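Let's take a friendly walk through a protein fold, one neighbourhood at a time. Keep the picture beside you as you read.

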Amino acid sequence: MNCDSRLFAPVDDLLVLASRVPDPAGDSEAVRAFHMLRYLGARYRVHVGCFYHPRRELALLGKIKPLCYETCFVPHAPLLGNASTPQRPDGTLSHWVARLLVRQPVRAALAMGAPAGAYLLPHPSLRRVADFCAADTGAPVVRGFHPVRRRRAAALFDLRREIARQFDSLTFGAPLDAAGLAQLGPATAAKSAALLDGVDADYFSPHIIQRSPYPAGVRALLLVGPLNDGAMIDAAEWFVRQVFAPLRARHPALRCYFPGGGREAGIARLTRQDGVIAAGALGDLRPWLAHAALAVAPLQRGVARAEYLREAMAMQTVLVASPQALAPLGLANHADVLEAHDASQFIAHIDAALGNPDGRAQAIAARVRMLADYRWSERLAPLCGLLDAAGHMGETSSA
């Protein structure tokens with residue numbers, strides 16, 4: 001365990017509990033948690049408790065400490081499936097929370113994920129807000145699960161419902177779905193708000209010089225988003241067969257790159273196609289986006305990972321995407337991207353962009369949109385209002 005405190009100027013106090021370590025370079029849930037913590041750390045005196053993996057995540061703690069006043073980092077958490085839900089509350093974190101509430105004038109708390117919310121259930125005197133990422137909502141899908149996974153998924157869903165019943169406010173990282181909210185309880189809709197993810201447009205910037213990862217002379221189509229489920233692999237296979245193959249006949253320098261190592265059967269089939277390349281783990285996406293001729297998101301079913309589309313738009317990369325891929329962005333209109341409903345539209349958009357490499361007006365407009373509406377500070381602004389809804393935190397009672 002690593003618990004410490006440091007001196008700050010006196011400001012309002014906020015308790016933040018995270019189910020996992022916030023990470024600016026992690027997956028969407030960890031990135032969201034990091035930017036949320038950074039935003040709140042500039043506005044409150046933040047006390048943070050979270051779990052971490054001793055071997056993989058120890059270095060991340062150094063990025064978090066400067067944002068915090070007092071911290072409690074607990075090695076490992078009992079796992080429930082992929083959700084890191086405590087099977088029973090961890091004593092170290094529970095005791096730290098209880099002692100903190102005695103030592104510090106904390107009147108509000110934020111739980112990043114349902115597992116973290118379990119540690120706030122015993123403290124109803126706090127103003128409590130829970131942030132649910134897109135994967136942390138709705139009833140569990142249990143068909144075909146191992147019995148242990150079914151029990152764990154059911155336990156996690158029960159925890160979400162209890163948090164939804166007791167907490168003052170809930171925020172969601174995806175557009176609100178009435179059916180999903182209803183599953184969490186009849187009063188959930190009234191206390192819920194969408195708090196959609198943003199993008200770090202200073203980091204994902206076309207103005208930062210990047211060395212090209214592509215061979216000289218190649219014109220690259222970059223498939224955005226990891227091929228980590230059946231829907232993404234099906235979309236990639238459809239795109240290669242229906243879109244890339246006809247384009248390749250007209251543009252011999254064209255190559256199609258996608259993340260992944262090629263071990264899965266679907267990915268292995270893709271790499272047998274002429275001009276299709278598995279790029280492995282891409283790491284820093286910026287050079288791949290900066291030097292791609294276009295980015296493509298051909299998802300046909302399922303839910304897209306919207307952060308990859310936001311990053312491509314912030315990098316001012318021409319983006320061609322299906323309606324299914326664009327849906328999680330929550331765009332009022334799609335004027336800043338090239339929307340393709342079928343293979344012929346994908347081919348037409350890509351063909352036109354390849355024939356006019358200087359015609360990047362839409363890509364420039366997409367970055368302008370990201371700068372105006374999708375900065376994390378803009379997206380997270382409503383959070384302070386929810387945390388302060390019970391009155392100014394730090395106000396002394398008249399009693």
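Leaving out residues up to four places away in sequence, Gly117 touches Ala111, Ile163 and Phe167, where contact means heavy atoms within 4.5 Å. Gly117 is part of helix α4 (residues 114–117). Helices here are DSSP runs of H or I with at least four residues, strands are runs of E with at least two, and both are numbered from the N terminus. Because its relative accessibility is 0%, Gly117 counts as buried; the cut-offs are under 20% relative accessible area for buried, over 50% for exposed and in between for partly exposed (1.4 Å probe, protein chains only). Leu17 is 100 residues away from Gly117 along the chain, yet their C-alpha atoms are separated by 7.5 Å.

A word on where these values come from. This is a predicted model, in which local features need pLDDT of at least 70 and side-chain atom pairs count only at pLDDT 80 or more, while totals for chains, interfaces and linings use all residues. Residues are numbered from 1 along each chain as its sequence is written, and side-chain values use heavy atoms, with hydrogens and water left out.

**The whole chain**

The chain has 14 helices and 14 strands. Of its 399 residues, 50% count as buried. Among contacts with a separation of 6 or more, 69% are between residues 24 or more positions apart.

**Three loop or helix-end residues, and one from a helix**

Here are four residues with their places and relative accessibility.

| Residue | Place | Relative accessibility |
|---|---|---|
| Gly117 | helix α4 (residues 114–117) | 0%, buried |
| Ser322 | loop between β13 (319–321) and α11 (323–326) | 1%, buried |
| Gln316 | loop between α10 and β13 | 18%, buried |
| His334 | loop between α11 and β14 (338–339) | 25%, partly exposed |

What does Ser322 contact, leaving aside its neighbours within four places in sequence? Its partners are Ala297, Pro298, Leu299, Gln300, Ala340 and Phe346. Ser322 and His341 are 19 residues apart in sequence, and their C-alpha atoms are 5.7 Å apart in space.

With residues up to four places away not counted, His334 touches Leu326 and Glu339. The C-alpha atoms of His334 and Ala366 are separated by 9.4 Å, although their positions lie 32 residues apart along the chain. In other words, His334 and Ala366 are 32 residues apart along the chain.

**Helix α10 and the residue after it**

Is helix α10 (residues 306–314) mostly covered or mostly open? Mostly covered: 9 of its 9 residues are buried. Among them are Ala306, Tyr308, Leu309 and Met313, along with the charged-type names Glu307, Arg310 and Glu311. The buried residues of α10 pack against α1, α9 (286–290), β12 (294–297), β13, α11 and α13 (361–373).

Gln316 follows α10. Most residues other than glycine have a negative phi. Gln316 is not a glycine, but its phi is positive, about 65°.

**Helix α1 and its partner**

Helix α1 has 14 residues and reaches 20 Å from its first C-alpha to its last, close to the 20 Å expected at 1.5 Å a residue; the expected span is 1.5 Å times one less than the number of residues. Because 10 of its 14 residues are buried, α1 is largely enclosed by the rest of the structure. Ala30, Phe34 and Leu37 are among those buried residues.

Helix α1 (residues 28–41) packs with helix α14 (residues 376–387) at an angle of about 65°, with their axes 10 Å apart. Axes are lines fitted to C-alpha atoms, for helices over the stretch in contact, and angles run from 0 to 180 degrees between N-to-C directions. On the α1 side, the contact includes Val31, His35 and Tyr39, and on the α14 side it includes Trp376, Leu380 and Leu387. The residues of this contact divide into 10 nonpolar, 2 polar and 1 charged. For this count, Ala, Val, Leu, Ile, Met, Phe, Trp, Tyr, Cys and Pro are nonpolar, Asp, Glu, Lys and Arg are charged, and the others, Gly among them, are polar.

**The nonpolar cores**

A nonpolar core is a set of buried Ala, Val, Leu, Ile, Met, Phe, Trp, Tyr and Cys residues joined through side-chain atoms within 4.5 Å. Which members of the largest core, with its 65 residues, touch the most other members? They are Leu227, Phe239, Val243 and Ile350. Helix α7 (residues 230–250) gives the most to this core, with 11 residues. Not counting residues up to four places away in sequence, Leu227 touches Met232, Ile233, Ala236, Phe258, Pro259, Ile267 and Leu270. A second, separate core of 32 residues includes Val21, Tyr52, Cys68 and Trp376.
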